[in-house]
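Me: Hi, I've got a structure to look at and I'm new to this. Could you walk me through it with a few questions and answers?

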Amino acid sequence: MPLTLRIEGDRWRSHLRRTAETYGVVGQGIVPVVKGNGYGFGLASLARRSAWLGADAGVDTVATGMYEEVPELLSRFAGDVLVLSPWRPFLSEVPDGDRVVHTVGRLDDLAALGAQRPGARIVVEALTTMSRHGLPRHELAAATDLVRAGRLRLSGLALHLPLVGEHEPEAEEWAAVLEASQLDTSTMWVSHLDAQQIGRLRARRPRLLVRPRVGTALWLGDRGALTVRATVLDRHPVSRGDRVGYRQRPLPRAGHVLVVAGGTAHGIGLAAPAAGSARQRALALARGGLEAAGMTLSPYTVGGRQRWFVEPPHMQVSLIFVPAGAGVPDVGDEVDVAVRFTTTTFDHIEIG
Ligand SMILES: *Cc1c(COP(=O)(O)O)cnc(C)c1O
């Protein structure tokens, strides 16, 4: 059980169901986003979980990041797989099949896809204030012609909105642009609007179908259902001035060095992801604490306090320092560790 994610099963599953209900209405279900490291749970697990949410909950489509991820989802989820990163003519191993929906964000690509794969299923991406991918609105007329010319089967217009700021008006504008356009669809796929904003959009535009694409708020929306623990693999009493680790830096105080599960291969980084850690670090610096001795605050908590790395994390373990006077866990005990789920690979995932 080195680095372990424990999921409180009933609580997590009811959160998933509730979230699907909150975002979805009949014919306009939530679209779970299943990509990357699977938000810490793994792609296969989230694909199966999306299947479990099921068509009854309106889950007829999942969205994934890249073409490389598609086969893993197609084999575990019976509905459609929408690929979020746009199709490009130079991509290799683009999966075929009627369940794959491509995202297209450039006129050249619409023309190329129509030529290479006439009849392919697509969504056209709009260029929002994200400025990542997509067509500006003045190109939608040309897009309409290219969709027809390539006999592409259009499933909607897709909007990817920034995480910060107020973007309901931007979504509203695009909804108006879509309705005024000749594009042969009334579906808009949106990312990063909350359930209330989606509800208002649907209420204001009853002819529009809104498909919310949701990852973090779905899978990680109830953090209380998730516990992350690192196993203590070894511990050593140390005196002030002792040199330890790859870097042999002298320790500023007496205490214990703990060897805990979790290293760079798990995604444990030098910067602790916990909220408030920047402030905590600033305070420590102001106090001339261990940071002044060249140590960095780790994401591990021992005895109720976030502890310091002795040195940067190793590949699979980290060395942390517990000063004398604090309680020291035993080998085999577990300690809390704050992780960023989208960059973490767990050794074990247990659903209780
Ligand atoms: C990753 C991604 C999402 C999901 O984002 P969350 O913040 O995890 O909900 C939605 N849309 C697009 C285009 C994405 O790339």
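Me: Which residues surround the ligand?
Reply: Two bits of housekeeping: residues are numbered from 1 along each chain as its sequence is written, and side-chain values use heavy atoms, with hydrogens and water left out. Also, this is a predicted model, where local features need pLDDT of at least 70, side-chain atom pairs count only at pLDDT 80 or more, and totals for chains, interfaces and linings use all residues. A residue makes the list if one of its heavy atoms lies within 4 Å of the ligand. The names are V33, K35, Y39, L84, R132, H160, S191, H192, R213, V214, G215 and T216.

Me: How many residues of each class are in that shell?
Reply: Ala, Val, Leu, Ile, Met, Phe, Trp, Tyr, Cys and Pro count as nonpolar, Asp, Glu, Lys and Arg as charged, and the others, Gly among them, as polar. Sorted that way, the shell around the ligand has four nonpolar, five polar and three charged residues.

Me: What is the distance between T216 and an oxygen atom of the ligand?
Reply: Here we're after polar contacts, meaning pairs of N or O atoms within 3.5 Å. S191 offers a side-chain N or O atom 2.7 Å from a ligand nitrogen, and a polar backbone atom of G215 is 2.8 Å from a ligand oxygen. For T216, a polar side-chain atom lies from a ligand oxygen at 2.6 Å.

Me: How much of the ligand's area does the protein bury?
Reply: Areas come from the Shrake-Rupley method with a 1.4 Å probe. On its own, the ligand exposes 390 Å². The protein buries 88% of that.

Me: Where does H192 lie, and is it buried or exposed?
Reply: H192, part of the ligand's shell, has a positive phi of about 70° although it is not a glycine. Most residues other than glycine have a negative phi. Its place is the loop between β8 (187-191) and α7 (195-204), with strands (E, at least two residues) and helices (H or I, at least four) being DSSP runs numbered from the N terminus. Buried means under 20% relative accessible area and exposed over 50% (1.4 Å probe, protein chains only), so H192, at 37%, counts as partly exposed.

Me: Which other loop holds a residue with a positive phi?
Reply: Q248 has a positive phi of about 55° and isn't a glycine either. Because its relative accessibility is 39%, Q248 counts as partly exposed. Its loop is the one between β11 (243-244) and β12 (249-250).

Definitions and conventions:
A polar contact is a pair of N or O atoms within 3.5 Å; within protein, one must be able to donate a hydrogen and the other to accept it, and residues adjacent in sequence count only if both atoms are side-chain atoms.
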